[in-house]
Amino acid sequence: FGIDGEDLAVTAVRQSLDGQAIIVRLVNLTSRTAECGFTYEGEIFETRLDESTVTYLGAGSVRLLFRPKQIITLRI
């Protein structure tokens, strides 16, 4: 996967709880909104921290908009 954006950090890359995907966790380190591009050669989903809800975002490339200090968890 790839990320383009400033003021963001990857805080986790690990296997999903069900063992079927990879979880990537990103955080906006600032007190202002931030945006980034996320690329992956496959489908990209957003999920809750506990992985209980999954929302399809797209395939190949998506834009993510972060609120201040927001954490976004992706399932790829």
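These legends go with an overview and several close-ups of a predicted model.

**Figure 1. The whole chain, an all-strand affair with 0 helices and 6 strands.** Read from the N terminus, the elements simply go β-β-β-β-β-β. The radius of gyration is 12 Å and the globule rule gives 11 Å for 76 residues, so the chain is as compact as a globular protein of that length. The C-alpha trace spans about 35 × 25 × 20 Å along its principal axes. Of the 76 residues, 37% are buried. If you take the contacts with a separation of 6 or more, 59% of them join residues 24 or more positions apart. As for the outside, the accessible surface is about 4600 Å², with 49% of that belonging to carbon and sulfur atoms.

**Figure 2. Arg-25, a buried charge without a salt bridge.** This arginine sits in strand β3, which covers residues 22–28. The nearest side chain of opposite charge is that of Glu-51, and it is 5.3 Å away. A salt bridge needs a side-chain nitrogen of Lys or Arg within 4 Å of a carboxyl oxygen, so that pair doesn't make the cut. What Arg-25 does have is a side-chain to side-chain polar contact with Thr-73, at 3.0 Å. Skipping neighbours within four places in sequence, its contacts include Ala-9, Val-10, Thr-11, Ala-12 and Arg-14. Leu-49, Ile-71, Ile-72 and Thr-73 are also on that contact list.

**Figure 3. Glu-51, a loop residue with a positive phi.** Look for Glu-51 in the loop between β4 (34–47) and β5. Its phi is near 65°, and Glu-51 is not a glycine. Despite the loop address, this glutamate counts as buried because its relative accessibility is 13%, and the cut-off for buried is under 20%. This is also the residue whose side chain turned up in the Arg-25 view, 5.3 Å away.

**Figure 4. Lys-69, another non-glycine residue with a positive phi.** Lys-69 belongs to the loop between β5 and β6, the latter being residues 71–75. Here phi is about 65°.

**Figure 5. Val-62, a buried residue in strand β5.** That strand runs over residues 54–66. With a relative accessible area of 8%, Val-62 is buried. Beyond its neighbours within four places in sequence, it is in contact with Cys-36, Gly-37, Phe-38, Ile-44 and Leu-57. For a C-alpha view of the same spot, pair Val-62 with Thr-39: they are 23 residues apart in sequence and 6.5 Å apart in space.

Methods. Residues numbered from 1 in each chain as written. Predicted model: local features only at pLDDT ≥ 70, side-chain atom pairs only at ≥ 80, totals over all residues. Heavy atoms only, no water. Helix = DSSP H or I, 4+ residues; strand = E, 2+ residues; numbered from the N terminus. Buried < 20%, exposed > 50% of the residue type's maximum accessible area, 1.4 Å probe, protein only. Lys, Arg positive; Asp, Glu negative; His and termini not counted. Polar contact = N/O pair within 3.5 Å; in protein donor to acceptor, adjacent residues only side chain to side chain. Contact = heavy atoms within 4.5 Å. Rg over C-alpha atoms; globule rule 2.2 N^0.38 Å. Areas by Shrake-Rupley, 256 points an atom, 1.4 Å probe, with all protein chains shown as cover.
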